[in-house]
Structures are given as structure tokens and as C-alpha cells.
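Hi everyone, thanks for coming. I'd like to walk you through a structure that's new to most of us, so let me put it on the screen.

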Amino acid sequence: MTTSSPGGPDQRPGDRGDLLDPRCPTRQLLDRIGTKWTSMAVKVLAEEAPGELRFAELRRRIPGISQKMLSTTLQSMARDGLVARRVEPTVPPAVHYRLTELGLSLERPLSALRVWAETHMPEIDRNNQLADESPPA
């Protein structure tokens, strides 16, 4: 891994940057795809693949997400090429989303992370309980 600044004169397209540098493109991408809402949207859309879902149906299937947050999440995912957006010229417009091949390729690593979380949740819960019961240091 290089430690040059992303986009610097010694950085070539495709080179890895310094993940600890906030300007690192990889870090910025991980910030976007590492959100709970992106993970949930990928999961829900992957369940429909290769089909698509309308915005309202996506919102129903992701409990707790606001209309604004879903819109922001989908815009970011579309900008990154993870989802494709199709608008039907109706009144009001019907907007449909589906995962692209790139978006589908993200489902497996996110699924592995969910499996890890589910596997280790009891241990994490115990650690949190112990921390809550311990006197402050």
C-alpha cells in the first residue's frame, strides 16, 4: 500500500492510497458503502435481483429509514454505479431501482459481514453488559 496522497503527482489511477488519510478514495468509498442504510438497500435489492423495486416498496422493506435518507442513499449508490434508476413518465412519476452488476458484487461481502455480526452478537452483548456493570475507570 502506498502512502502518497490520493490523486498526488506520484499516484496512478488504480493505485491504493493511505486508508488512514481522510482524502483516500478507498476510505471515502468505504464511508459510503459502510453505512447501515446502504447495506440494507443492497440486501433488499439483491433479494429482488434481477428485478427492480419502486421507491415506496424499498422504503416499506427497510424499517426505520426516512424518505430523505432513502433518497440520499439511493442517489449515492446510483452515482457510484451500484444501482440503476428507471423513471416511468406517469403522474406522479414511478421510480424503480435495481442493483447493477457492480452492486450485486457488493452483496456477498456485505452478507459475510452480516453473518459475522449475527454470529458474534451474543459475545458483543455480553461485553456490553459487562462494561455497563463495571464501575467507571
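Let's start with a small puzzle: which residue in E3 is the bridge partner of Arg54? It's His96. Keep in mind as we go that this is a predicted model.

Okay, so where does that pair sit? Strand E1, residues 53-54, and strand E3, residues 94-99, run antiparallel to each other and are joined over 2 bridges. Zooming out, there's an open sheet of 3 strands, in the order E1-E3-E2, with antiparallel pairing. On the edges you've got E1 and E2, the latter being residues 83-88, and each of those pairs on one side only. As a quick reminder, strands in a sheet pair through backbone hydrogen bonds, either parallel or antiparallel.

Now, the helix. H2 covers residues 36-48 and lies across E1, E2 and E3, at about 90° to E3. Does its length add up, or what should we expect? With 13 residues at 1.5 Å a residue, H2 should span 18 Å, and its end C-alpha atoms are 19 Å apart, so the two agree. Quite a few of the H2 residues are buried, among them Trp37, Val42, Val44 and Leu45. Ala41 and Ala46 are on the buried list too, and so are Thr38 and Ser39.

Last stop, the loops. Between H2 and E1 there's a loop that holds Pro50, and the peptide bond from Ala49 to Pro50 is cis, with omega near 5°. Then look at the loop between E2 and E3, where you'll find Pro92. Val91 and Pro92 are joined by a cis peptide bond as well, with omega about -10°.

How values were computed
Residues numbered from 1 in each chain as written. Predicted model: local features only at pLDDT ≥ 70, side-chain atom pairs only at ≥ 80, totals over all residues. Heavy atoms only, no water. Pairing = 2+ DSSP bridges. Helix = DSSP H or I, 4+ residues; strand = E, 2+ residues; numbered from the N terminus. Contact = heavy atoms within 4.5 Å. Axes fitted to C-alpha atoms, helices over the stretch in contact; angles between N-to-C directions. Expected span 1.5 Å × (residues − 1). Buried < 20%, exposed > 50% of the residue type's maximum accessible area, 1.4 Å probe, protein only.
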